[in-house]
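Here is a short set of exercises to work through with the structure open beside you. Try each task before reading on to its solution.

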Amino acid sequence: MSFRVVKAVLYVLYGAFFLVPLFALVEFSTRGLGLSAPRTLQYWREIFDHPELTHAIVVSLELAVITSVATLLLLVPTMVWVRLRAKPLARLVEFLCLLPLTIPAIVIVVGLAPVYAWVTYLSPGALKGSALVLVFVYVVLVLPFAYRAIDAGLSAIDVATLAEAARSLGAGWTTVMFRVIAPNIRSALLNAALLSVALTLGEFTVASLLNYVNLQVAVNQLAQANAGVSVAVAAALLLFTFLLLLVLSIFGGRGRPSSRGTARKGRTA
Amino acid sequence: MSTLPVATTAAGPVGSEHDGEVRGGRSGWSGRRPSPAWLGVVPFLAYVGVFLLLPTTIVVIGAFGDVDNRPTLENLRALSQDYVVRAFVNSVVVSATSAVLGAVLGALLAYLVVTGRPDGAVRRTVTSASGVLAQFGGVTLAFAFIVTLGNQGLVTLLLEDNGVGVDSAWLYRVPGLVLVYTYFQIPLMVLVFLPALDGIRPQWREAATNLGGTTWDYWRHVGVPILTPPFLGATLLLFANAFSAYATGAALITQGGIIVPLQIRTALTSEVVLGQENVGKALALGMVVVVTVVMTLYALLQRRTARWLR
């Protein structure tokens, strides 16, 4: 009995620690003048009155979409190929994919400046100076998470047999990839894409240090001038990300019921 | 956003059951199509080479070069300056404290969860919330704590209304960083440690009881020894996680270089001292060395863990 009481008290304490700061975000963004003043949605309404902010929102959404598509296009064919034809390279690919977890983003940024000087130099006129070039490094940053998601998906199906069957029926590699493998791992692809979106929308380190303005950078800059609005954006973004990741945890938790590998792999995902 | 591997058990390459048959069936094919197998991996390797390995190499080489790329140890000497040493000490203190706090509190939370119903709503809530909150960091997290405990923060104002004056300056120093980092360390610990607790078999407890052991004996001779390697491993992971975090600290502390990542920010953005750029590389190299050592120890402990818990 007493253990249950202790347990309940502890859960409440943990809950308070995690929920109070989140609640405070919402509280602050709806605050009038002083704690006792009536609540107002003024700051939330003002979000779209700041052109630099709306621009940054658009940029970050574009980055999120392009990053997740590019990641899938780079990773899925490589991982399928490795499983089918280049087994000895599997370890290398895994190592490289998980490497960004060990090398802090801030370290990558330090070495990235010269690389990005070339990227800017080589990119076509319209893209010069655009924050969209961040895609190149964002793909690297999301690699570990996308890799794990896709790896779980591919382990759950028999890639070799599927590919052989399709090939022997005359399918080309593009057909195998897009019409045979991809539909079979669609929940894994969705996982990987959602994770990429969530990470891209939250990215601050690389953008701010390479002097590009994405959503997080804009929010952080705005905090100096108008704390209320920037906290409102932060709260909105938080809600959006939570929703995204909750969708993901619902999908990620299930996986494909038919597979043996998923349950074991689900842990690490 | 800073996140490190939530690799709970050393999951080897998956799908290995198929290895044999695949290679057997494949040999006929490769005769028809003579393209070398590694050719398909070239785009990936090229990409990772340019955007991951090249920057890292530039950091390592740059740390040993001066402005004109002549080899020098000058940058490394800069690492022994007072303010740099202080930043490294602060970084280690922040990371170690938040790792230990996160590990203890996270392990306790995981224990609470494990003693509950395995399919209960509590467990599902805690694990999904942990999955979300462990990823949660950066500007938003810093804001959340500023509007909670800062000068105009909710808790600060509530305390003031009740006659308790609080000076919130501590939030922007080492103790503040520790508190804010703990916010994402606890959930990460839950994610990493829960599988270890799940791996404890009830039979071990029963065996201990059958042999006349008390609860204390069980924990003293079975539970704690088995859980020590995963606990230490998770603590190291948390340390590396905090050590490489940048965004949260940068949004919380807008000026100065209290910890190494913020010191790197100063080195990258300061226009006062020319040639600081390569000092930034030396700082980055220092971070890589620390994180690599910690992650190697982590990998070793993982291997030790796998002996009992799989």
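**Exercise 1. Reading the folds**

Which pattern does chain B follow when it is read along the sequence? Work it out, then do the same for chain A.

Solution. Keep in mind from the outset that this is a predicted model.

- Step 1: count the elements of chain B, which has 13 helices and zero strands.
- Step 2: put them in order along the sequence, which gives α-α-α-α-α-α-α-α-α-α-α-α-α for chain B.
- Step 3: turn to chain A, whose secondary structure also comes to 13 helices and zero strands. From the N terminus on, the elements of chain A run α-α-α-α-α-α-α-α-α-α-α-α-α.
- Step 4: add the burial figures. Chain A has 269 residues, of which 44% count as buried; chain B has 310, of which 43% count as buried.
- Step 5: look at the contacts between residues 6 or more apart in sequence. In chain A, 76% of them join residues at least 24 apart, and in chain B residues 24 or more positions apart account for 76%.

**Exercise 2. Confidence and domains in chain A**

Find the stretch of chain A where pLDDT stays under 50, and describe how the chain is divided into domains.

Solution.

- Step 1: begin with the overall score. The pLDDT of chain A averages 85, and 91% of its residues score at least 70.
- Step 2: locate the weak stretch, residues 254-269 of chain A, where pLDDT stays under 50. For this stretch the model has 29 contacts beyond four places in sequence.
- Step 3: mark the domains, with domain 1 of chain A assigned to 1-40 and domain 2 to 49-266.
- Step 4: place the domains relative to each other. Their centres, taken over C-alpha atoms, are 33 Å apart, while the C-alpha atoms of chain A as a whole fill a box of roughly 75 × 70 × 30 Å along the principal axes.
- Step 5: look at where the domains meet. Four residues of domain 1 of chain A are in contact with six residues of domain 2 of chain A. On the domain 1 side, the touching residues are three nonpolar, one polar and no charged.

**Exercise 3. Where the chains meet**

How many residues does the contact take from chain A, and how many from chain B? Then describe how helix 5 of chain A packs against helix 2 of chain B.

Solution.

- Step 1: size up the contact, which takes 74 residues from chain A and 66 residues from chain B.
- Step 2: find the main contributor on the chain B side. Helix 2 (residues 42-62) of chain B supplies the largest share of that side, 11 residues.
- Step 3: sort the chain B side by class, which yields 45 nonpolar, 17 polar and four charged residues.
- Step 4: take the helix pair. Helix 5 (residues 105-122) of chain A packs with helix 2 of chain B at an angle of about 100 degrees, and their axes are 7 Å apart. Angles from 65 to 115 degrees count as roughly perpendicular, so helix 5 of chain A is roughly perpendicular to helix 2 of chain B.
- Step 5: list some of the partners. Helix 5 of chain A brings residues including A:Val107, A:Ile108, A:Leu112 and A:Pro114, and helix 2 of chain B brings residues including B:Phe51, B:Leu54, B:Pro55 and B:Ile58. By class, this helix contact has 13 nonpolar, two polar and no charged residues.

**Exercise 4. Three residues up close**

Decide for A:Ser230, A:Asn211 and B:Leu232 whether each is buried, partly exposed or exposed.

Solution.

- Step 1: A:Ser230 sits in helix 12 (residues 227-254) of chain A. It counts as buried because it has 24 C-beta neighbours inside 10 Å, and the cut-off for buried is 20 or more. Not counting residues up to four places away in sequence, A:Ser230 touches A:Val219, A:Leu222 and A:Ala223. Its C-alpha atom is also 8.3 Å from that of A:Tyr43, 187 residues apart along the chain.
- Step 2: A:Asn211 lies in the loop between helix 10 (205-209) and helix 11 (215-225) of chain A. With 13 other C-beta atoms within 10 Å, A:Asn211 is partly exposed. A:Asn211 is not a glycine, yet has a positive phi of about 65 degrees.
- Step 3: B:Leu232 belongs to helix 10 (residues 215-243) of chain B. B:Leu232 has 16 C-beta neighbours inside 10 Å and therefore counts as partly exposed. B:Leu232 and B:Gln302 are 70 residues apart in sequence, and 9.5 Å apart from C-alpha to C-alpha.

Notes. Residues numbered from 1 in each chain as written. Chains lettered and ligands numbered in written order. Predicted model: local features only at pLDDT ≥ 70, side-chain atom pairs only at ≥ 80, totals over all residues. Domains from an automatic or database assignment. Contact = placed C-beta atoms within 7 Å. Nonpolar A, V, L, I, M, F, W, Y, C, P; charged D, E, K, R; others polar. Helix = DSSP H or I, 4+ residues; strand = E, 2+ residues; numbered from the N terminus. Buried ≥ 20, exposed ≤ 12 C-beta atoms within 10 Å, placed from the backbone. Axes fitted to C-alpha atoms, helices over the stretch in contact; angles between N-to-C directions. Parallel < 35°, antiparallel > 145°, perpendicular 65-115°, else oblique. pLDDT = per-residue confidence, 0-100.
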